[in-house]
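Here is a short note for a colleague who has not yet worked with this chain. Please keep the structure open while reading.

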Amino acid sequence: MVFTGFVKDMIRLYEAIDICVLPSVKEGLPMAILEAMGYGICVVATPVGELKHIIRSNENGILLDRASPKSISSAVDQLVRHPEKMKEIGCRARLTVYPEYLSETMACRYQQLYANLICSRRDGS
């Protein structure tokens, strides 16, 4: 385990990661998880925020009911013991993210949302 502190070149870091763990109790849509999935990294996370709609447990990631040290270590241990499963989940994670969550795709969605909001205010809705 390595604690790097601030990292400027995330691509090199993602190339070195096998598993990304996010044991949060509250999140919206964590960009770090989308980035990890985009790099084909297997994600172990709790079903918080939008993750419960994006990650299908044992298909494109692992969702834990709760983030206890025991449940996290058990999930990570299973993935380490079965690297083919970890790789398969990582590949499906990448397919989940592309093209749905590319920054360009999301930027277009935000532009459309803002345009719709502006138009609805003009119409008095």
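**Notes on the fold**

1. Start with contacts across the sequence. Among contacts between residues at least 6 apart in sequence, 45% join residues at least 24 apart. Please keep in mind that this is a predicted model.

2. Next, the inventory. The chain holds six helices and three strands. Read from the N terminus, the order of elements is α-β-α-β-α-β-α-α-α. Helix and strand take turns up to the third strand, and the run ends in α-α-α.

3. Overall dimensions and surface. A box of roughly 60 × 30 × 30 Å, taken along the principal axes, is filled by the C-alpha atoms. The chain has 125 residues, and 30% of them are buried. Its accessible surface comes to about 8800 Å². Carbon and sulfur atoms account for 56% of that surface.

4. How are the strands arranged? They form an open sheet in the order E1-E2-E3, with parallel pairing. Strand E1 (19-22) and strand E3 (62-63) are the edge strands, because each pairs on one side only. As background, strands of a sheet pair through backbone hydrogen bonds, either parallel or antiparallel.

5. The two pairings can be checked one by one. E1 and E2 are joined in the parallel sense over four bridges. Cys20 has Val43 in E2 as its bridge partner. On the other side, two bridges join strand E2 (residues 42-45) to E3, and these strands also run parallel. There, Ala45 stands opposite Leu63 in E3.

6. Which way do the side chains of E2 point? Cys42 and Val44 point one way, while Val43 and Ala45 point the other way. All four are buried. In general, side chains of a regular strand alternate between the two faces of the sheet.

7. Now look at Ala75, which sits in helix H4. Is Ala75 buried or exposed? Its relative accessibility is 12%, so Ala75 counts as buried; the cut-off for buried is under 20%. Leaving aside residues up to four places away in sequence, Ala75 touches Val44, Ile62 and Leu64. Val44 belongs to the pair that points one way from E2, and Ile62 falls within strand E3 (62-63). Ala75 and Leu95 are 20 residues apart in sequence, and their C-alpha atoms are 22 Å apart in space.

8. Leu13 is worth a look as well. It is found in helix H1 (residues 10-16). With 25% relative accessibility, Leu13 counts as partly exposed. Leu13 touches Thr4 and Val7, not counting residues up to four places away in sequence. Leu13 and Ala36 are 23 residues apart in sequence and 10.0 Å apart in space, C-alpha to C-alpha.

9. Turn to charge. There are 15 positive and 14 negative side chains. The centres of the two sets lie 4 Å apart. How many salt bridges does the chain have? The count is four. Three of them are taken up below, each with its N to O distance.

10. Arg81 and Asp77 meet in a salt bridge at 2.8 Å, N to O. Both residues lie in helix H4 (residues 69-81). They are four residues apart, about one turn of the helix. Arg81 is exposed, with a relative accessible area of 57%. Asp77 is partly exposed at 32%. Helix H4 is also the place of buried Ala75.

11. Arg109 forms a salt bridge with Glu100, and the closest N and O atoms are 2.6 Å apart. Arg109 is partly exposed, with a relative accessible area of 38%. Glu100 is partly exposed too, at 38% relative accessibility.

12. Glu59 forms a salt bridge with Arg56. Here the closest N and O atoms are 3.1 Å apart. Glu59 has a relative accessible area of 38% and is partly exposed. Arg56 is partly exposed as well, at 41%.

13. Where should a new reader look again? Begin at strand E2, which pairs with E1 over four bridges and with E3 over two. Then follow Val44 to Ala75, which touches it. Finish in helix H4 at the salt bridge between Arg81 and Asp77.

Technical notes
Residues numbered from 1 in each chain as written. Predicted model: local features only at pLDDT ≥ 70, side-chain atom pairs only at ≥ 80, totals over all residues. Heavy atoms only, no water. Buried < 20%, exposed > 50% of the residue type's maximum accessible area, 1.4 Å probe, protein only. Contact = heavy atoms within 4.5 Å. Areas by Shrake-Rupley, 256 points an atom, 1.4 Å probe, with all protein chains shown as cover. Lys, Arg positive; Asp, Glu negative; His and termini not counted. Charge placed at Lys NZ, Arg CZ, Asp CG, Glu CD. Salt bridge = Lys/Arg side-chain N within 4 Å of Asp/Glu carboxyl O.
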